[in-house]
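I opened the model to look up one residue and then a metal site. My notes follow in the order I checked things.

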Amino acid sequence: MDEFCFSRLTNLITRFSTRSLDAFLVSIPENRYYLSGFYAEDGGPQETAGYLVIGTDKRYLVTDGRYEIQASNEAPLYEIVVYQEDMAASVADILKEIGCEKVGFEAQYLSFSTYSRLSDALKKAGCRCELVATEDFVENLRMVKDPTEIAIVEEAVLKTEEVLAKVVPELKENVTEKDIAYLLESGLKKSGAEKVAFDPIVASGPNGALPHAIPGKRALAPGDAVVIDFGGRFNHYCSDMTRTFFIGQVSEEMKKIYGTVRKAQRLAIESVKPGKMGKEIDKVARDFIASQGFGEYFVHGLGHGVGLAVHEKPGINKRTKTTLQPGMIITIEPGIYVKNLGGVRLEDMVLVTDDGCRVLNRDDFYYDI
Ligand code: ZN
Ligand code: ZN
């Protein structure tokens with residue numbers, strides 16, 4: 001991990017000049033782990049397990065007494081600073097000590113109240129350094145995975161599919177969405193996941209029309225299409241997959257929807273290669289779905305990056321100008337959602353390679369329609 005953290009830090013520091021920074025404050029938990037090896041979960045932006053202060057040649061991990069031992073074990077490249085009560089004052093002291101003028105912070109995560117406390121603490125410490133709002137500074141680095149990360153994600157995908165294989169026989173009449181969600185969740189834990197990557201989605205019959213339905217007490221019934229979207233966090237990295245299953249015979253319309261989503265997914269996957277913009281991949285699936293008359297029912301982006309976070313850069317949607325690079329791991333997950341009828345979504349994770357892509361999922365749990 002240290003060697004990876006070291007090269008990641010070097011990459012980050014190289015990017016300082018783009019915003020004239022001489023230090024960077026890391027508050028996002030995934031970024032903290034990525035750059036230090038210290039893995040902890042925050043109770044939310046207001047309850048941090050620690051911040052990294054990264055200068056051009058000095059690095060600090062500012063945390064509280066609960067994490068002191070763990071932080072020193074996991075983040076040997078950092079000087080561990082344990083604050084008693086006032087984290088902001090500790091950070092301000094460090095910034096003063098390294099004599100920095102511009103420190104970048106993660107504007108999408110650092111709360112306004114923490115920002116204010118930090119500004120006050122800097123004034124109090126007599127430090128004139130300016131807080132510079134940045135976005136995606138570390139996330140842009142995280143988009144491209146190294147071989148170790150790729151191996152971890154591949155394993156996570158494999159384990160997730162094994163869990164699904166055990167749950168599929170339970171997809172039958174009278175079993176509720178909640179029952180299935182529980183089996184998925186406990187299956188993930190049994191197979192070694194630290195936790196779920198997100199709460200499983202099990203959406204049956206008309207509930208399938210809600211892309212992010214919460215599993216409820218509805219029992220599966222003949223004629224249902226059941227959307228199952230779930231993933232686990234293995235070794236800190238996420239898996240994310242969706243399949244849609246039929247209970248008994250479904251309508252011809254539902255079959256047509258399924259066939260359309262499957263073909264859109266295939267076409268999009270075939271179009272994935274380095275140099276393509278995310279929005280171009282999205283368009284392949286979107287245009288096909290529209291050509292089949294379902295354009296208005298595909299209500300979300302085609303996919304997203306997956307790694308330490310289940311949703312990370314690059315987005316694969318109408319607006320994504322980010323170009324794909326080898327080593328990115330993205331999902332391809334078209335869907336069609338029709339009110340009162342139901343929905344179909346199919347999601348695989350794919351790795352962008354030098355000349356195209358490789359689907360990390362096996363070609364399992366699909367109907368041949
Ligand atoms: Zn998903
Ligand atoms: Zn997804």
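I started with Asp348 and found it in strand β18, which covers residues 348–352. The coordinates are from a predicted model.

Next I asked whether Asp348 is buried or exposed. Its relative accessible area is 3%. The cut-off for buried is under 20%, so Asp348 counts as buried.

I then looked up the side-chain partners of Asp348. Its side chain makes a polar contact with the side chain of Arg243 at 2.8 Å. A second polar contact goes to the side chain of Tyr366, at 3.0 Å. I also listed what Asp348 touches beyond four places in sequence; among them are Gln265, Ile269, Ile330, Val359 and Asn361.

I moved to the zinc ion (ligand 1). Which residues supply its protein donors? I found Asp229 (OD) listed twice, plus Asp240 (OD) and Glu347 (OE). These donors lie 2.0 to 2.6 Å from the zinc ion (ligand 1). I noted their sequence spacing as D-x10-D-x106-E.

I checked the geometry. The 4 donor atoms subtend angles of 55 to 147° around the zinc ion (ligand 1), so the arrangement is irregular. For reference, I kept in mind that the ideal angle for four tetrahedral donors is 109.5 degrees.

I looked for a second metal. The zinc ion (ligand 2) is 3.1 Å from the zinc ion (ligand 1), and Asp240 coordinates both. Asp229 sits in strand β9 (residues 225–230), while Asp240 sits in the loop between β11 (237–238) and β12 (241–246), so the pair ties together parts 11 residues apart in sequence.

Last, I checked burial of these two donors. Asp229 counts as buried at 4% relative accessibility. Asp240 counts as buried at 3%.

Conventions:
Residues are numbered from 1 along each chain as its sequence is written. Chains are lettered from A and ligands numbered from 1 in the order in which they are written. This is a predicted model: local features need pLDDT of at least 70, side-chain atom pairs count only at pLDDT 80 or more; totals for chains, interfaces and linings use all residues. Side-chain values use heavy atoms; hydrogens and water are left out. Helices (H or I, at least four residues) and strands (E, at least two) are DSSP runs, numbered from the N terminus. Buried means under 20% relative accessible area, exposed over 50%, partly exposed in between (1.4 Å probe, protein chains only). A polar contact is a pair of N or O atoms within 3.5 Å; within protein, one must be able to donate a hydrogen and the other to accept it, and residues adjacent in sequence count only if both atoms are side-chain atoms. Contact means heavy atoms within 4.5 Å. Donors are N, O and S atoms within 2.8 Å of the metal (3.2 Å for Na, K and Ca); water is not among the atoms, so sites may look incomplete. Four donors count as tetrahedral if all angles lie between 85 and 135 degrees; four count as square planar and six as octahedral if opposite donors are over 155 degrees apart and all others between 65 and 115; anything else is irregular.
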